[in-house]
Amino acid sequence: MTTHTPAAQPLGLGHRSHPLLGRRVIDHAHDDRIGILRALAPEAKDDTPGPVLTVPATPPVAWLSPEGGGVEWTTAPDAIEAAP
């Protein structure tokens, strides 16, 4: 069975929609680590302290957080899938 994933729609400030937002996902790029998909948005590569004032001109990445809380991490959007 083939599942159609709708194209990510802009949500503002560089964020994109994703059908798995707020859900548990498996991150295959990081040893099948499980986390909650919090955002699909560009990652600022500038190490300048302070707020990001413009949307970075970088591709979006998936922002994940550990299920029980902790430090978020990023991964490629195509490296995630819904967790059972």
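Modeller: Exposed means over 50% relative accessible area, buried means under 20%, and partly exposed is anything in between, using a 1.4 Å probe and protein chains only. This is a predicted model: local features need pLDDT of at least 70, side-chain atom pairs count only at pLDDT 80 or more, and totals for chains, interfaces and linings use all residues. Residues are numbered from 1 along each chain as its sequence is written, and side-chain values use heavy atoms, with hydrogens and water left out.

Colleague: Why does Asp31 count as exposed?

Modeller: Asp31 has 78% relative accessibility. The cut-off for exposed is over 50%, so Asp31 gets that label.

Colleague: And what makes Asp32 partly exposed?

Modeller: Asp32 has 45% relative accessibility, which falls between the two cut-offs, so partly exposed it is. Both sit in one loop: Asp31 lies between β3 and β4, and Asp32 lies there too.

Colleague: What is odd about phi at Asp31?

Modeller: Phi is positive, about 55°, although Asp31 is not a glycine. Most residues other than glycine have a negative phi. Asp32 also has a positive phi, about 60°, and is not a glycine either. As for the setting of Asp31, the hairpin of β3 and β4 has five residues between the strands.

Colleague: How do you know that β3 and β4 pair?

Modeller: Two strands pair if DSSP finds at least two bridges between them. Strands here are DSSP runs of E, at least two residues, and helices are runs of H or I, at least four, numbered from the N terminus. Four bridges join β3 to β4, so the pair qualifies, and the strands run antiparallel. Asp27 stands opposite Arg33 in β4.

Colleague: What about β4 and β5, and how many bridges are there?

Modeller: Seven, in the antiparallel sense. Ala39 has Trp63 in β5 as its bridge partner. Trp63 in turn has Thr74 in β6 as a partner, and β5 and β6 are antiparallel, with three bridges.

Colleague: Which strands form the open sheet, and in what order?

Modeller: Five strands line up as β6-β5-β4-β3-β7, with antiparallel pairing. What makes β6 (73-75) and β7 (80-82) edge strands is that each pairs on one side only. The twist averages 50° from one strand to the next, with axes as lines fitted to C-alpha atoms and angles running from 0 to 180 degrees between N-to-C directions. The chain has seven strands and zero helices.

Colleague: Why is β4 called largely enclosed?

Modeller: Seven of its 10 residues are buried, so the rest of the structure largely encloses β4. For the chain, 26% of the 84 residues count as buried.

Colleague: What makes the largest nonpolar core a core, and which residues are in it?

Modeller: A nonpolar core is a set of buried Ala, Val, Leu, Ile, Met, Phe, Trp, Tyr and Cys residues joined through side-chain atoms within 4.5 Å. The largest has eight residues: Leu20, Val25, Leu37, Leu40, Ala62, Leu64, Trp73 and Ile80. From it, β4 (33-42) and β5 (60-66) each supply at least two.

Colleague: Where is confidence lowest, and where is it highest?

Modeller: pLDDT is the predictor's confidence in each residue, from 0 to 100. Strand β1 (residues 10-12) is lowest, at a mean of 68, and strand β3 (residues 24-27) is highest, at 98. The chain has a mean of 84, with 81% of residues at 70 or more.
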